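Visitor: I have this one open on my screen and could use some company while I go through it. Mind if I fire off a few questions?

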Amino acid sequence: MIEKDVERRLCALARRHGGVALKWTSPGTMGVPDRLVFLPGGRLYLVEVKRPGGRARESQKAVHRRLGRLGWPVYVVDDADAFFASLPEPRIEGEKADEERGAADADDDAGMRQGGDPVGEDGAEAGDAEQDAAAHGGDGRRKGRRR
């Protein structure tokens with residue numbers, strides 16, 4: 001079994017658990033974990049995939065330590081089945097989840113009525129592009145090359 005096999009199994013198990021394991025690439029930064037595993041219940045795992053018995057390189061370990069200090073542990077996984085077997089169950093389930101989601105939605109609505117700015121799908125608050133453009137002397141429009 002090679003690393004690619006472990007990674008395929010990790011992705012398949014993420015889907016089976018109702019989630020997704022997205023490839024993480026960070027141009028210009030060596031050592032970032034291979035996959036971001038998003039699972040139901042707001043669970044996110046940063047995963048470095050290795051062949052069975054494989055170990056992280058020093059550049060990877062340095063990034064793992066840095067992320068760990070920020071509160072984001074990195075899991076070095078050489079057995080996807082064992083990794084998923086070790087994960088805790090989601091915190092919120094069934095009717096309790098619906099009640100808590102309803103309360104959270106009400107809190108979000110209250111925040112919006114109190115003057116909160118909406119947040120877009122990319123996590124940026126509305127108006128950020130315009131503010132950035134004004135700060136940098138632009139008009140907020142994207143400029144691209146013509147083909």
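Visitor: Let's start with helix 1: what covers its buried residues?

Guide: Bear in mind that this is a predicted model. The buried residues of helix 1 are Val6, Glu7, Leu10, Cys11, Leu13 and Ala14. They take up an arc of only 165 degrees around the axis, which puts them on the same side of helix 1. What covers them includes strand 1 (20-23), strand 2 (35-39), strand 3, strand 4 and helix 3 (80-86).

Visitor: And which residues are exposed on the other side of helix 1?

Guide: An α-helix has 3.6 residues a turn, so residues three or four places apart point the same way. Helix 1 has its buried set on one side, within 165 degrees. On the other side, the exposed ones are Lys4, Arg8, Arg15 and Arg16.

Visitor: How far apart are the end C-alpha atoms of helix 1?

Guide: Helix 1 runs over residues 3-16, which is 14 residues. At 1.5 Å a residue, the helix should span 20 Å. The model agrees, with the end C-alpha atoms separated by 20 Å.

Visitor: Which residue with a positive phi follows helix 1?

Guide: The phi here is near 85 degrees. The residue that follows helix 1 with that value is glycine 18.

Visitor: On to the strands. In which sense do strand 3 and strand 4 pair, parallel or antiparallel?

Guide: Strand 3 covers residues 43-49 and strand 4 covers residues 74-77, with four bridges between them. One of the bridge partnerships joins valine 49 to valine 77 in strand 4. The sense of the pairing is parallel.

Visitor: What is the handedness of the crossover between them, right or left?

Guide: After strand 3 the chain goes through helix 2 (residues 58-69) and then on to strand 4. That makes a β-α-β crossover, and its hand is right.

Visitor: Where do the buried residues of helix 2 fall, on one face or all around?

Guide: The buried residues in helix 2 are Gln60, Val63, His64 and Leu67. Seen down the axis, they stay within an arc of 105 degrees, so they line one face. The face turned away from them carries the exposed Glu58, Arg66 and Arg69. What covers the buried residues includes strand 3 and strand 4, and the arc of 105 degrees puts those residues on one face.

Visitor: Let me pick a residue there. Is histidine 64 buried or exposed?

Guide: Histidine 64 lies in helix 2. Leaving aside neighbours within four places in sequence, histidine 64 is in contact with Gly31, Pro33, Glu48, Ala56, Val74 and Val76. The relative accessibility is 12%, and the cut-off is under 20%, so histidine 64 counts as buried.

Visitor: What about lysine 50: what is its relative accessibility?

Guide: Lysine 50 is in the loop between strand 3 and helix 2. Leaving aside neighbours within four places in sequence, its contacts include Glu3, Val6, Gln60, Val77 and Asp78. Lysine 50 counts as buried, at a relative accessibility of 7%.

Visitor: How far is the C-alpha atom of lysine 50 from that of lysine 4?

Guide: Along the chain, lysine 50 and lysine 4 are 46 residues apart. In space, their C-alpha atoms are separated by 8.4 Å.

Visitor: Now the rings. Is the pair of tyrosine 45 and tyrosine 75 stacked or edge-to-face?

Guide: Tyrosine 45 sits in strand 3 and tyrosine 75 in strand 4, 30 residues apart. Their ring centres are 5.6 Å apart. Their planes meet at 70 degrees, so the pair is edge-to-face.

Visitor: Which of these two tyrosines is buried, and which is partly exposed?

Guide: Tyrosine 45 has a relative accessible area of 8%, so tyrosine 45 is buried. Tyrosine 75 comes out at 32%, which makes tyrosine 75 partly exposed.

Visitor: Which residues do ring pairs link into a cluster?

Guide: The count of aromatic pairs comes to four. The cluster linked by ring pairs is made of Tyr45, Tyr75, Phe83 and Phe84.

Visitor: Last one: in what order do the elements run from the N terminus?

Guide: The protein chain has five helices and four strands. From the N terminus on, the order is α-β-β-β-α-β-α-α-α.

Technical notes: Residues numbered from 1 in each chain as written. Predicted model: local features only at pLDDT ≥ 70, side-chain atom pairs only at ≥ 80, totals over all residues. Heavy atoms only, no water. Pairing = 2+ DSSP bridges. Helix = DSSP H or I, 4+ residues; strand = E, 2+ residues; numbered from the N terminus. Right-handed = clockwise from strand over helix to strand, strands pointing away. Phe/Tyr/Trp six-rings, centres within 6.5 Å; stacked < 30°, edge-to-face > 60°. Buried < 20%, exposed > 50% of the residue type's maximum accessible area, 1.4 Å probe, protein only. Expected span 1.5 Å × (residues − 1). Arc of directions from axis to C-beta. Contact = heavy atoms within 4.5 Å.
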